[in-house]
Amino acid sequence: MVPGLVLSLREGLEAALIIGIVLGTLRKLESPELVRSVWVGTGGALVVSVILGLTLTLMGNGLQGKAEEIFEGITMLLAAGLLTWAIFWMRKQTSKRGKELSTGVESAVIRGGRWGLASLAFLAVVREGIELSLFLTAAMLSSGTSSTLTGAAVGLLLAISLGWAVYKRLIKLNLNLFFLVTGAILAVFAAGLTAYGIHELNDAGWIPAIIEPLWNIEPILPESSLLGQLMKALLGYNSAPSLTEVLGYLTYLAVIAFSLLRKPGPRLQTANGSSS
């Protein structure tokens, strides 16, 4: 449940902040008649994201044997790579993106293009939706469908609530701290996805296991236990991993920790415009 919650909260809040910037710009320009276009574009992005998520899930459920192992392994590694990119991309963001969105909205209003504004909202939101669809698919493969979807629902509700509160200026959200904390959690989750993906490709014969298992602590901490399930969902726990699986996990954590600690990124602004 926790991976789905954090993934949906992070991506959902980013999408909510984007919509808030667009709506805020329209409010400043006194163009409330164009708000509907924003929601049309946002709705289209949500539809595309849901279709993609369902397609990936159905593809995974429809495969068996080696094909299923290859699909799950590639999906896990792709999701881990995209998560890593998202962590570093957000770390480098400043108010530049908000200014670019505001400029795009102003241009659409000047041209009087409702479809242009709808397209702007669609393109701004659909990236978050596509990323979330892939992330949740990988989370469902590693942690189970019901718990992931429950966490995703809670995370999206929280994201919508936070986004609305920020838009209404009811709260002052420290984006730097928010993305720092969620980025650290997702980095550990991505390490688990990397290890899980390698495990699946070990089984498919695409990546050699070298030594399998490297150890076996299933009698001490079963994966089916409550603690084992929690560690599997959050940390990618495997009671009997292969050597390449362990090396992949440790290498990923070492590289991302070194990259994040080597050079601090520019400071983000708080959601109401002040520096944090």
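## Helices α1 and α6

In this predicted model, helices α1 and α6 run roughly parallel to each other. That label comes from the angle: the two axes cross at roughly 30 degrees, and anything under 35 degrees counts as roughly parallel. If you're looking for them, α1 covers residues 2-28 and α6 covers residues 145-167. Their axes come within 7 Å, and the crossing is right-handed.

So who is touching whom? From α1, the residues in the contact include Gly4, Leu5, Ser8, Leu9, Gly12 and Leu13, and further along Gly20, Leu23, Gly24 and Arg27. On the α6 side, you'll find Thr148, Gly151, Ala152, Val154 and Gly155 among them, as well as Gly163, Val166 and Tyr167. Sort the residues of this contact by type and you get 14 nonpolar, nine polar and one charged.

## Helices α2 and α5

Here's another pair to pick out: helix α2 (residues 35-62) and helix α5 (residues 114-143). These two pack at an angle of about 25 degrees, and their axes are 7 Å apart. With that angle, α2 and α5 are also roughly parallel to each other.

Which hand does the crossing of α2 and α5 have? It is right-handed. The contact of α2 with α5 divides into 16 nonpolar residues, ten polar ones and one charged one.

## Helix α7 and its partner α8

Now for a pair with another kind of angle. Helix α7 takes up residues 175-204, helix α8 takes up residues 226-235, and the two pack at about 100 degrees. That makes α7 and α8 roughly perpendicular to each other, because angles of 65 to 115 degrees get that name. Their axes sit 7 Å apart. Val188, Phe189, Gly192 and Tyr196 are the α7 residues in this contact, and they meet Lys232, Ala233, Leu234 and Leu235 of α8. By type, that's six nonpolar residues, one polar and one charged.

How does the length of α7 check out against its number of residues? At 1.5 Å a residue, its 30 residues should span 44 Å, and the C-alpha atoms at its ends are 41 Å apart, so the two values agree. As for its surroundings, α7 is mostly covered, with 22 of its 30 residues buried.

## Asn202, a residue in α7

Asn202 belongs to helix α7. Is Asn202 buried or exposed? Its relative accessibility is 9%, so Asn202 counts as buried, the cut-off for that being under 20%.

Leaving out residues up to four places away in sequence, Asn202 touches Ile207, Pro208, Ala209, Ser242 and Thr244. You can also compare the position of Asn202 with that of Glu212: the two are ten residues apart along the chain, and their C-alpha atoms are separated by 9.4 Å.

## The loop between α7 and α8

Keep following the chain and you'll meet some backbone details. Just after α7 comes Gly205, which takes a positive phi of about 85 degrees. Then there's Ile210, in the loop between α7 and α8. Ile210 has a positive phi too, about 65 degrees, although it is not a glycine. With 61% relative accessibility, Ile210 counts as exposed, since the cut-off for exposed is over 50%.

What about the peptide bond from Glu212 to Pro213: is it cis or trans? It is cis, with omega near -5 degrees. Pro213 has its place in the loop between α7 and α8.

Key:
Residues are numbered from 1 along each chain as its sequence is written. This is a predicted model: local features need pLDDT of at least 70, side-chain atom pairs count only at pLDDT 80 or more; totals for chains, interfaces and linings use all residues. Side-chain values use heavy atoms; hydrogens and water are left out. Axes are lines fitted to C-alpha atoms, for helices over the stretch in contact, and angles run from 0 to 180 degrees between N-to-C directions. Helices (H or I, at least four residues) and strands (E, at least two) are DSSP runs, numbered from the N terminus. Angles under 35 degrees count as roughly parallel, over 145 as roughly antiparallel, 65 to 115 as roughly perpendicular and the rest as oblique. Contact means heavy atoms within 4.5 Å. Ala, Val, Leu, Ile, Met, Phe, Trp, Tyr, Cys and Pro count as nonpolar, Asp, Glu, Lys and Arg as charged, and the others, Gly among them, as polar. The expected span of a helix is 1.5 Å times one less than its number of residues. Buried means under 20% relative accessible area, exposed over 50%, partly exposed in between (1.4 Å probe, protein chains only). A crossing is left-handed if the near helix is turned anticlockwise from the far one by less than a right angle, and right-handed if clockwise.
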